[in-house]
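Visitor: I would like a close look at a single part of this protein, taken slowly and with its surroundings. Could you walk me through it?

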Amino acid sequence: MSRHGRSAHAAHLCFVAGLSGHLGAGLGAPPKPSGLPKIGIVSAIGDKFYASKIGLLAFGSDFKEMAIASWGIDEMMTVRLRAALSQRFDVRPVTYKRAAFAAFPDRSGFIAQNFRPELVREVSPQGLDAYLVVLKAERSYGGSRQLIQGIGSAEGNTDVDPIMYVHTYYNIFLVDGRDFQIKSQVGSQIPRPFNPFVREAQSSPSRQVDASLWPKSLDAAANPRLKAVVVELIGQSLPPTLQKLQLP
C-alpha cells in the first residue's frame, strides 16, 4: 500500500472510531443518574363508569357500573402526571395489580377502610423515593347522604326535566417509598367562584350535560361523547389538583 493509501486508511479508521464512540455515548451507554428524587405513578380510576339515579332518600335510586378500560384513562393520567412531574422528579415506570387499587373503601364495619398505603409494597420496583397513587373518590350528592363515585354520571330519578351530571372524582396520594406513609393527599377539583346564592348539585369536577348522554345501552365504553366529557374534566382538574398536593 502506498504512503497516500496508508494515510487515507488511517484517517478512515479514526473517523469510524470517533463515530462509534459518539453513537455509543448517545445510544448504548447507560443513562447518567439525574440526581432527582425517583417516583413511580400508580393510577387506578379508569376501569369502570358508575351511573347513578338518585331518588328521594334511598328510595327510587338506581346504580349501574360499566367497563371503560378501553378508554385508556389510567394510561392518559400516567402520561399527564409524568409530564407535569418530570422537571422535579425522575419518573420511573412501575407495574402493579390495578384491581387492588381500584376497589372502593370497605364499609362493612363501623369505620370505612380507606386507602391503605401498604398496598404500595406490592408495586414493582420497590426502593423508589415516593409513589404517586391516583384512586377513585366518593362524594355526596347535593348535600344528601347518598354517595356517587369515581368516574360516572348522576341524575335525579324523575321523569320531569331530569338533570344529569358527569363527574370525575379521584384522590391523589403521595406515599413515601421507605416507610409507606401518606405524606400528602388531595381530592380532584376545578376551582369555581364562590356564589352564596347558588347551591351546586354536585361538587367539582362535574358538568351538567344533556340527558341524552345517559348510557342507556349499559355500554359507556362505546359512547365517544361521554368519553370526551370525562377526558376534558380530567384535563381541567388535574393541574389545580396537583398544585394543591404538597410535593417535596
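Guide: A residue counts as buried when its relative accessible area is under 20%. By that cut-off Ser 184 is buried, because its relative accessible area is 8%, and this residue is the part I would examine here, keeping in mind that the model is predicted. Ser 184 sits in strand β11, which covers residues 182–187. Leaving aside residues up to four places away in sequence, Ser 184 touches Ile 172, Phe 173 and Leu 174, and also Leu 245 and Gln 246. With Gln 246 there is a polar approach as well, since a polar atom of the Ser 184 side chain lies 3.0 Å from the backbone nitrogen of Gln 246.

As for the wider setting, helix α4 spans residues 224–244 and lies across β2, β8, β9 and β12, running at about 50° to β9. Those strands belong to an open sheet of five, ordered β3-β2-β8-β9-β12, in which the pairing is mixed. At its edges are β3 (62–67) and β12 (206–209), each of which pairs on one side only, and from one strand to the next the twist averages 20°. Strand β9, residues 164–168, runs antiparallel to β12 and is joined to that strand by four bridges, with His 167 standing opposite Ser 206 of β12.

On confidence, the mean pLDDT of the protein is 81, and 73% of its residues reach 70 or more. Over residues 2–30, however, the pLDDT is below 50, and this stretch has four contacts in the model beyond near neighbours in sequence. Where pLDDT is low, predicted coordinates should not be read in detail.

Note on methods: Residues numbered from 1 in each chain as written. Predicted model: local features only at pLDDT ≥ 70, side-chain atom pairs only at ≥ 80, totals over all residues. Heavy atoms only, no water. pLDDT = per-residue confidence, 0-100. Contact = heavy atoms within 4.5 Å. Pairing = 2+ DSSP bridges. Helix = DSSP H or I, 4+ residues; strand = E, 2+ residues; numbered from the N terminus. Axes fitted to C-alpha atoms, helices over the stretch in contact; angles between N-to-C directions. Buried < 20%, exposed > 50% of the residue type's maximum accessible area, 1.4 Å probe, protein only. Polar contact = N/O pair within 3.5 Å; in protein donor to acceptor, adjacent residues only side chain to side chain.
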